[in-house]
Amino acid sequence: MNTVPTQEAGMNTLPTQEAGMNTVPTIHVADPVIQVRNLGKVYGSFTRDSILQTGPEFGTARDPRTGSIIAAWNVNFDVAAGEALGIVGESGSGKSTVLRCIAGDQPATTGDVRLACHDNGEFNILHLDPATRRRLRIDKLSVVYQDAAEGLALGVTAGGNIADPLTAAGWRHFGRIRERAADLLRRTEVPLDRMDDIVRTFSGGMRQRVQIARALANNPPILLLDEPTTGLDASVAAGVLDLIRRLLEELDLAVVVVSHDFAVIEMLTQRCIVMQHGRVVEDALTDQLLEDPQHPYSQKLVAAARA
Ligand SMILES: Nc1ncnc2c1ncn2[C@@H]1O[C@H](COP(=O)(O)OP(=O)(O)OP(=O)(O)O)[C@@H](O)[C@H]1O
Ligand SMILES: [Mg+2]
């Protein structure tokens, strides 16, 4: 992973919540495991006007003068243990960008992200050096991607994929690693006789199960899911979703679920933020959002999901 988190010079002079931008109130939680403040990501160079003249009011995240994409700006949320927050919105609204900036897959342009499991949240992880950032991925923060090729080595066996984070965390005993891998495959309902098969030979649903097994290998307190069932056949997706739901009930994880699908958000999350053109337009309890969406864009999304 090529991770170089940066906070660019002069960012403090750029518009944020304090500058009176159109922002939605953030729901604060007690003892957050993840705390995200003013997270921003711009693809390309930009100016203050790029920020001020993009977003929902302008119907675009693209600055017409520079061509830059303000993929996410002024994103704020907290997630507590045992809680799942959804990020919902149309394609290109910035959902994956937010998740990838938190995970360290992409350098954020600006913002402050704190994890209770890293030095008690004393430091902004966006400022960590790349090696320390990568280490968080071993046992603190795991990601399950829509595309299994991003989360797994497809040419390696299921057992080998799970052994990887275990050895990175210091596991050395071959028998114990096998035992742990078998236990995780059992929990994710992957037949044990497939443990030594290479993942490329697995079906889409089975690959997602192996990704989940690998993500949980070192019991991380934080799990980020990016469209974990998108692209799977409906019946396969339902099985994987059900597995995720049961695992979230059992484990005391702080979870972020990115999805364009309200059925997924409804099934897995308690709260969610709605993104449009790189901005958060609503932050609500999932039940409330589905029953009584406040922002016109949320209303449109919910109505479309019901249709
Ligand atoms: N590496 C990149 N370089 C330039 N622009 C990018 C890059 N990655 C994403 N973008 C742009 O940033 C915006 C947000 O993309 P993002 O992938 O976060 O959207 P999304 O909400 O996850 O969409 P989807 O539902 O299609 O996955 C889009 O306009 C996208 O084209
Ligand atoms: Mg995405």
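A residue counts as buried when its relative accessible area is under 20%, as exposed when it is over 50%, and as partly exposed in between. By this criterion Glu189, at 39% relative accessibility, is partly exposed. The structure described here is a predicted model.

**Two residues with positive phi**

Most residues other than glycine have a negative phi. Glu189 departs from this pattern, with a positive phi of about 60°. Its place is the loop that links α6 (174-187) with α7 (204-215).

Glu227, which is not a glycine either, has a positive phi near 50°. This residue belongs to the loop between β6 (222-226) and α8 (234-250). Because its relative accessibility is 8%, Glu227 counts as buried. Glu227 is also one of the residues that surround ligand 1.

**The surroundings of ligand 1**

The shell around ligand 1 consists of Tyr43, Ile69, Ala71, Glu90, Ser91, Gly92, Ser93, Gly94, Lys95, Ser96, Thr97 and Glu227. By character, these residues divide into 3 nonpolar, 6 polar and 3 charged. Two elements, β2 (69-80) and α2 (95-103), each contribute at least two residues to the shell. The largest share, 3 residues, is supplied by α2.

Oxygen atoms of ligand 1 take part in several short N or O distances to the protein, and the table lists them by residue.

| Residue | Protein atom | Distance to an oxygen atom of ligand 1 |
|---|---|---|
| Ser93 | backbone N or O atom | 3.2 Å |
| Lys95 | polar side-chain atom | 2.8 Å |
| Ser96 | side-chain N or O atom | 2.8 Å |

On its own, ligand 1 has 630 Å² of accessible area, of which the protein covers 60%.

**Asp78 in strand β2**

Strand β2, which supplies at least two residues of the ligand shell, also contains Asp78. Is Asp78 buried or exposed? Its relative accessibility is 1%, so Asp78 counts as buried.

The side chain of Asp78 has polar partners. A polar contact of 2.8 Å joins it to the side chain of Arg37. In addition, a polar atom of the Asp78 side chain lies 3.4 Å from the backbone nitrogen of Val29.

Leaving aside residues up to four places away in sequence, Asp78 touches Ile27, His28, Val29, Pro32, Ile34, Gln35, Val36, Arg37, Glu83, Leu85 and Arg271. Among these contacts, Glu83 and Leu85 are also residues of strand β3, while Arg271 is the bridge partner of Leu85 in β8.

**Strand β3 and its partners**

Strand β3 spans residues 83-88, and 6 of its 6 residues are buried, so the strand is largely enclosed by the rest of the structure. Both of its faces are covered. Glu83, Leu85 and Ile87 are buried on one side, and Ala84, Gly86 and Val88 are buried on the other.

Which strands pair with β3? One is β7 (residues 254-258), which is joined to β3 in the parallel sense over 5 bridges. Within this pairing, Ala84 has Val255 of β7 as its bridge partner. Another is β8 (residues 271-276), which runs parallel to β3 and is connected to it by 4 bridges. There, Leu85 is matched with Arg271. Leu85 and Arg271 thus appear both as bridge partners and as contacts of the buried Asp78.

Terms used. Residues are numbered from 1 along each chain as its sequence is written. Chains are lettered from A and ligands numbered from 1 in the order in which they are written. This is a predicted model: local features need pLDDT of at least 70, side-chain atom pairs count only at pLDDT 80 or more; totals for chains, interfaces and linings use all residues. Side-chain values use heavy atoms; hydrogens and water are left out. A residue is near a molecule or strand if one of its heavy atoms lies within 4 Å of it. A polar contact is a pair of N or O atoms within 3.5 Å; within protein, one must be able to donate a hydrogen and the other to accept it, and residues adjacent in sequence count only if both atoms are side-chain atoms. Accessible areas come from the Shrake-Rupley method with a 1.4 Å probe; for residues, only the protein chains shown count as cover. Ala, Val, Leu, Ile, Met, Phe, Trp, Tyr, Cys and Pro count as nonpolar, Asp, Glu, Lys and Arg as charged, and the others, Gly among them, as polar. Buried means under 20% relative accessible area, exposed over 50%, partly exposed in between (1.4 Å probe, protein chains only). Contact means heavy atoms within 4.5 Å. Two strands pair if DSSP finds at least two bridges between them.
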